[in-house]
Amino acid sequence: MNRLAQSPSLYLRQHGENPVDWYPWGEEAWERARQENRPVFLSAGYSSCHWCHVMAHESFEDAEVAAALNQDFVCIKLDREEHPQVDEAYMTAVQMATGHGGWPMSVFLTPDGDPFFAGTYFPRDGRRGTPGFLTIVQSLGRAWRDQHQDVVSSATEFGKALREGLARDLPAEGQIGLDHVDHVVEALHAEFDPDQGGFGDKPKFPPHAALRFLLRYAELRPALPGEAPSELAREMAVSTLEALCQGGIHDHVGGGFHRYSTDEAWRLPHFEKMLYDNGQLMGALGAAPRDLLLDQAVDRCVAWLKREMSSPSGWLYSAIDADSDGGEGSFYVWRIDEAQAVLGTDSDFPDRYQMAAEGNFADEATGERDGTNVLHLARGKAPACSAELDSLLAARGLRPHPATDDKAIAAWNALAVTGLVAVGRRAEAEAVATKWAAFGTELPHMVVQDSPYGEGLLDDFAFMANAYLDLSLAPGDLWWERAEAIIDHIVVHFASPGGFRYARGNGLFSLSRPFVDNATPSPNGLAARILRRLGRNDEAWETLQAGAGWLERLPQACPSMALEVLELLAAGVAAPPRIARPRPVATLSLDPSVIAITPEGWGHAIVMLAVPDGFHIDMSRGGGISLELTGAYGEASLPSEGEQLQGTVEIPLRIQPRGGGADFRIKVFYSLCTQSECLPPQSAEVSGVLSRP
């Protein structure tokens, strides 16, 4: 057993018997790396991830791979759901290096945290000319020893590019408006699959933010000026929801939806079930036109949440694994004879759900069929009655159940609350929200075995405030007040000139300002929604304008942003004129400005840098302070590294003439910081005169 065996994280405990000398994410691992000048191997994943399990079995349980890792690296295993801000930062590095992302994430880092090799899943041994993980580990270990300076230099440049990428702004070309909203529909239509629903090619993921946007667009857009594809938006959303509910991505027997489909027709899923998917799909289903198929999907999803995802204390669990004792998906698939043994040979269930004697489920890697079937409802067929599905559910319950990750993540619980309200299950929604409301504005990132764990991130706060507003029955009631308290907390702790930061604190993991929708909505989009719903429209517009460049350039990736623009315009709240914010600056002065030179040839003065209110200078990051002297020689006593400087910073200066001139100039370089970010470096100048004896 290693250090992970007693971790609160199920994912880390799954690696507790690996021969790899794993550390959990934390200072202990990094301190060892710095002391021994060893590179770090960071492996990130989550408990229900199928390919994470594959790499664990192939490589992390292998003695030879473990020996190579233990010899040359400090090895850190990260649960991406515990520390999403860390995962997001290094996943950006993976995407920069490879052009794609995914889990497991495999990143090799210097002791300073700069990446020098990044990827996702690697097989243990090479395939089709691609080196295997063992070869990669051995090669990188040799490179660290034999080409150390080159590796560090390359990693430093990579780390600089990563920080710039995470902190980058995308300035908008103009005022955000209705044309941006319409363009999102056009961009989505360009990727729409009219035959199977959804967007793009395989693999297909449920397009949560797009569904919510399209349904609301169809409702609101006809009342606004100009012609727009409102009916097209409705058709794209409804046909996609119908395809999801018919497909194998839908667990027809047990309720709920799997993570994604490996094919374009939603038939063959990866079988993990995530709370955030199901919360959002309930929200979309609740907004869609009612029919038998969608209603049954809602009823069985709610039943699944109560049966399999609810803790005895009332929290909602995060996920259910894709794998069980029989392998990936074995809990969910059926042979025809198994279904007939439960329902009888005269049942039309196998035909209705397109089961085949040879099976329709093929192993993703080998393509082999084993006679089992994923249930997907034939087009034009009504779903089976609840009695038949319940009989199959009871029979399935005798199989080995996949593992449940019992941590409760605040943001995901909030999405489920919103979904439950949307489908009319207010009592269930309020019961969950009440558990989290007990924390007030000290919201943890998650709860593990009834104990809070980790500091809340922007999505935890924003999604929860939105859920509270969903529960509010009138302005000023208790849920409304709770939402107001949360958004005030967000403004104080997460605001920056370029949008809300994902995480508090300093350094790499607090640089991101997420505007793009991913598996969950854009936290900045949700922050704008809360501000708009609370009547703080100018603040909502300010947040949306900060992300307008993303909406202009990646419209299909920003439906949450577009939805809030639409909501404001539909309510008659026009965007205020764009006003350029003055950049905060520090002012520089010199005391005295005329410096007397002693007979020994030196003069003394104090350089005073006045830091504006609400900012500080952090000598450990952002560049600190440096000083440049022109027209004289001098020595400055700069503040110590690690200090945080506020108010007026006094820098003692010892100076002597240079040549025959008396005039000199001092230029101070500095970077102003808030609690969440450091602004780009700036400079200030002051002149002085030397008075000779």
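In this predicted model, helix α11 is the element that gives the most to the lining of the second largest pocket, contributing six residues. The pocket has a volume of about 690 Å³, and its lining is made up of 29 residues, with Arg212, Gly283, Ala287, Thr418 and Arg529 lying nearest its centre. Two or more residues of the lining come from each of α9 (208-220), α11 (275-287), α16 (410-422), α18 (458-471), α20 (523-533) and α23 (559-570). By residue class, the lining of this second largest pocket divides into twelve nonpolar, eight polar and nine charged residues.

Enclosed space was examined as well. Rolling a probe the size of a water molecule over the atoms shows where empty space is left. A search of the whole structure returns one cavity of 30 Å³ or more, and the volume of the largest cavity is about 80 Å³. The largest cavity is lined by Gly248, His250, Asp251, His252, Val253, His258, Phe271, Tyr332, Trp334, Val374, Leu375 and Arg396, a set that comprises six nonpolar, four polar and two charged residues.

The loop that connects α9 with α10 (230-246) contains Arg221. Because the relative accessibility of Arg221 is 2%, and buried means under 20%, this residue counts as buried. The side chain of Arg221 forms a polar contact, at 2.9 Å, with the side chain of Asp182. When residues up to four places away in sequence are not counted, Arg221 touches Leu178, Asp182, Gly226, Glu227, Ala228, Ser230 and Leu566.

A second loop position, Pro131, is found between β5 (115-119) and α6 (133-146). With a relative accessibility of 43%, which falls between the 20% limit for buried and the 50% limit for exposed, Pro131 counts as partly exposed. Once its neighbours within four places in sequence are left aside, Pro131 is in contact with Gly126 and Ile136. The C-alpha atom of Pro131 is separated by 34 Å from that of Val516, a residue 385 places away along the chain.

Turning to the strands, β2 (residues 40-45) is mostly covered, with six of its six residues buried. The cover extends to both faces of β2, since Val40, Leu42 and Ala44 on one side, and Phe41, Ser43 and Gly45 on the other, are all buried. Strand β2 runs parallel to strand β3 (residues 74-79), to which it is joined by six bridges, and within this pairing Ile76 of β3 is the bridge partner of Leu42. With strand β4 (residues 105-109), by contrast, β2 pairs in the antiparallel sense over five bridges, and here Ser106 of β4 stands opposite Ser43.

Elsewhere in the model, three strands form an open sheet in the order β13-β14-β15, with antiparallel pairing. The edges of this sheet are occupied by β13 (408-409) and β15 (451-455), each of which has a single partner strand, so that one side of each is left without a neighbour in the sheet. The antiparallel pairing of β14 (residues 444-448) with β15 extends over four bridges, and Met446 stands opposite Tyr453 in β15.

Technical notes
Residues numbered from 1 in each chain as written. Predicted model: local features only at pLDDT ≥ 70, side-chain atom pairs only at ≥ 80, totals over all residues. Heavy atoms only, no water. 1 Å grid on protein atoms, 1.4 Å probe; cavity = no way out; pocket = protein on both sides within 12 Å on 5 of 7 lines; lining within 4 Å. Points joined across faces, edges and corners; volume = space filled by probe spheres on them. Nonpolar A, V, L, I, M, F, W, Y, C, P; charged D, E, K, R; others polar. Pairing = 2+ DSSP bridges. Buried < 20%, exposed > 50% of the residue type's maximum accessible area, 1.4 Å probe, protein only. Polar contact = N/O pair within 3.5 Å; in protein donor to acceptor, adjacent residues only side chain to side chain. Contact = heavy atoms within 4.5 Å.
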